[in-house]
Amino acid sequence: MAETLRASTNRVLRNPVAFSIVLSLLLGAAIIAATGTNPLLAYSEMVRGALTGSGLRNTVSRMIPIVGMALAISIPFRAGVINLGGEGQMVIGGLAGTLAAIYLPLPPVLVIPLALVAGMVAGALWALLPAIGQTALKLPILISSLLLNYPARALTGYMVRFPFADPTVTSSSTVPVPESNRIPKLALFDGVSASLVLLILLLIGVALFNLRTVPGYETRMTGLNSRFSRYGGVAVDRQVVWVMLASGGIAGMIGTHLVVGETYRFLDGDLVVSGFAWSGLLVALLARHRPGPMLAAGAFFAALQIGGLAMQRNVNVPWQIAQVLQAVVIIMIAGRFVLKARRETAAVIEGETTVTGEV
Amino acid sequence: MFEQLFDSALVESVVRALIPILLAALGGMICDRAGVFQISLEGMMLVGAFTAVAGSYLATSATVGTVIAMAAGSAFSLVLAYGAVSRQGDPIVIGVAVNLLALGLTSFLLPQLFGVRGVFQDPRVDGLNRFPIPFLSDIPIVGPAIFRSTIPGYLAMLAVPALWVFLFRTPIGLRLRGVGERPVSAETLGVNPTQYKYAAVVASGMLCGLAGAQLALGNVVQFSENMSSGRGWIAVVAVMLGRAHPAGVLGASALFGAAEGLGFRLQGNGLPVQITDALPYVATLVALALARKRFKRILELTAA
């Protein structure tokens, strides 16, 4: 018994991901304790809030945008293109999808899919800007995609403040999506959005694409060595454009889901405040852009956040501790903070992999 | 129309917008010269703003707040230094995560320490004083803007020529550039690249801390969640546009300061705040597109 415990502890410490998670939870406990709350109490509230009662449904619901955004970010990331503009693509797509769901004079069977398509198209077009910037003007996507988040926020804020404002409320918001045009809820997990099905299909699709198709292989090759890829005949510029279109499209669809499937009104700042795009980015890094592990990592981060909200309600510890834990995990993995002696043996045994080693 | 837009108040708001960006960008410039890829200016600035307000509140002194912000910025910069320099981790991943860590940490500590959400304002938070320089501050239009500044403001202006002298006219500056351009050669000459890279990152942390203090104790006297709102990223662009040269960085920062100041003025003239808020970012993007320089290094880093 003691022997197996030791063996499994060793295994955890050798695994950089597990080790980083354990260490960041300890660090989080220290921060919580330093600000005057018993960390054991806080963490037990977190677990209870994330997994029991309506917490489980909320965790699964939150998993949808986090994993979706992770998927969106991972497609260009595998090709070595870093899209930090997920947030902007999400809000632009979200607004377009919402407006379609509100104003399209068609039966609901058509309106809901068309709203998702509208969101995808708008998000993809917003992502096209930095893609063209890089291929035509040599502006790094890393910077331009991030800077475009701010005008996206401003543009949507303007739209819901003036042309598409609901005059009956004081906040900057659209009118609610008509009940018939909302994305339905499933009987699963106490009524989680049907978008979950869409997300799972998307995950499977991307996994198959990555592993079984030529362009899927080519993106990975470009990510590993773009010069080699170019030499091998891959049209790298065209690849940059399509991976960004795919990324922005998924982001826009997730934005649409968040309104048409969850909140039903596009409220200025609503999609930004929870930081889904950024959580998604961290999930993609944690899972090294593989769809299966992204689902697991996304569930973990969603549980942290929902548990964090419960912790805030019950023991008055701000939920943002979840954001701190997420960032610390990634920093530790990227910096390869593993027990040194063990790290070297582990590297010999199983061949060391890092967050960035396989992007 | 033109006269109505261009007066001393406009110049003043331009200078006010420029100073935090300039301070952060000078930090980014030092890192760039030392060959450290630095995109966590945003996060360090946010930490600086938070600790400046916290320090000023606890000691009821803006000076103490500013010093604490510089110390906190430096300490926080060690995360990137250790992760990216010592452990050779991916500087982009660590930089992005450090920014998110700063956002999470400050949003967590705000209610935890001060019991408020979103914005913290208190009469005990001491703002930075302005020190007018006799005669010079009487120069029309530019005088009040430039020569009636805060300590971080004057430090930012002095840092431009000082860093030029440091980088291009001192042996240490030469070695720092050597570390950035030819680390192996520098090492052969007995220069320890790790030391120089650490020093550069810590210097950028200190400058970003100062930028945060100016933002939270000079431009306004309060802390609000995520108040750096992209200025650190604009500073990253300023380093690129200014080709990591002090004069160039000053010029680029002035451009973004002008966009923000002008936006502020147009807002006063009735333009919706959503439009004017977007102006500095759009100006940054347009400037990048017009410059059409080949940002080789960052492209190599992101697409290698």
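Here is a chat about a predicted model with chains A and B.

Reader: Let's start with chain A. How many helices and strands are there in it?
Author: Chain A holds 359 residues, of which 55% count as buried. Its C-alpha atoms fill a box of roughly 65 × 60 × 35 Å along the principal axes. As for the elements, the tally for chain A is 17 helices and zero strands.

Reader: Is chain A compact or not for its length, and what is its radius of gyration?
Author: For 359 residues, the globule rule gives 21 Å. The value for chain A is close to that, so chain A is as compact as a globular protein of that length. Its radius of gyration is 21 Å.

Reader: And what share of the contacts in chain A with a separation of 6 or more joins residues 24 or more positions apart?
Author: Here we look at contacts in chain A whose partners have a separation of 6 or more. Among these, residues 24 or more positions apart account for 75%.

Reader: On to helix packing. What is the angle between α4(A) and α14(A): are they oblique or perpendicular?
Author: Helix α4 of chain A covers residues 54-78, and helix α14 of chain A covers residues 276-286. Their axes lie 7 Å apart, at an angle of about 60°. Perpendicular would need 65 to 115 degrees. That angle therefore makes α4(A), relative to α14(A), oblique.

Reader: Which classes of residue make that contact of α4(A) with α14(A)?
Author: α4(A) passes α14(A) in a right-handed crossing. From α4(A) the contact uses residues including Pro65(A), Ile66(A), Met69(A) and Phe77(A), while α14(A) brings Phe276(A), Leu281(A) and Val283(A), among others. By class, the contact of α4(A) with α14(A) comes to 13 nonpolar, four polar and no charged residues.

Reader: How do α2(A) and α16(A) lie to each other, oblique or antiparallel?
Author: Helix α2 of chain A spans residues 16-34, and its axis comes within 8 Å of the axis of α16(A). The two axes cross at roughly 140°. Antiparallel starts over 145 degrees. α2(A) and α16(A) are therefore oblique.

Reader: Which residues of α16(A) meet α2(A)?
Author: The crossing of α2(A) with α16(A) is right-handed. The contact of α2(A) with α16(A) divides into 15 nonpolar, three polar and no charged residues. On the α16(A) side, they are Ile321(A), Val324(A), Leu325(A), Val328(A), Val329(A), Met332(A) and Ile333(A).

Reader: Which residues are buried in helix α10 of chain A?
Author: This helix runs over residues 214-224. The cover over its buried residues includes α4, α11 and α12 of chain A. The buried residues in α10(A) are Thr219(A), Met221(A), Thr222(A) and Gly223(A).

Reader: What about Asn225(A): buried, exposed or partly exposed?
Author: Asn225(A) sits in the loop between α10 and α11 of chain A. Its C-alpha atom is separated by 9.1 Å from that of Ala79(A), 146 residues apart along the chain. Buried takes 20 or more other C-beta atoms within 10 Å, and exposed takes 12 or fewer. Asn225(A) has 14, so it counts as partly exposed.

Reader: Now chain B. How many helices and strands does it have?
Author: The C-alpha trace of chain B spans about 55 × 45 × 40 Å along its principal axes. Buried residues make up 56% of its 304 residues. Chain B has 14 helices and four strands.

Reader: Which element gives the largest share of the side of chain A that touches chain B?
Author: In total, 39 residues of chain A are in contact with 44 residues of chain B. Elements giving two or more residues to the chain A side are α6, α7, α8, α14 and α16 of chain A. That side has 26 nonpolar, 10 polar and three charged residues. The largest share, eight residues, comes from α16(A).

Reader: Which residues of chain A are in contact with Gly89(B)?
Author: Gly89(B) lies in the loop between α4 and α5 of chain B. It has 26 other C-beta atoms within 10 Å, so it is buried. Leaving aside neighbours within four places in sequence, its contacts in chain B are Gly83(B), Ala84(B) and Ile94(B). From chain A, they are Ala334(A), Gly335(A) and Arg336(A).

Terms used: Residues are numbered from 1 along each chain as its sequence is written. Chains are lettered from A and ligands numbered from 1 in the order in which they are written. This is a predicted model: local features need pLDDT of at least 70, side-chain atom pairs count only at pLDDT 80 or more; totals for chains, interfaces and linings use all residues. Axes are lines fitted to C-alpha atoms, for helices over the stretch in contact, and angles run from 0 to 180 degrees between N-to-C directions. Angles under 35 degrees count as roughly parallel, over 145 as roughly antiparallel, 65 to 115 as roughly perpendicular and the rest as oblique. A crossing is left-handed if the near helix is turned anticlockwise from the far one by less than a right angle, and right-handed if clockwise. Two residues are in contact if their C-beta atoms, placed from the backbone, lie within 7 Å. Ala, Val, Leu, Ile, Met, Phe, Trp, Tyr, Cys and Pro count as nonpolar, Asp, Glu, Lys and Arg as charged, and the others, Gly among them, as polar. The radius of gyration is taken over C-alpha atoms; the globule rule is 2.2 Å times the number of residues to the power 0.38.
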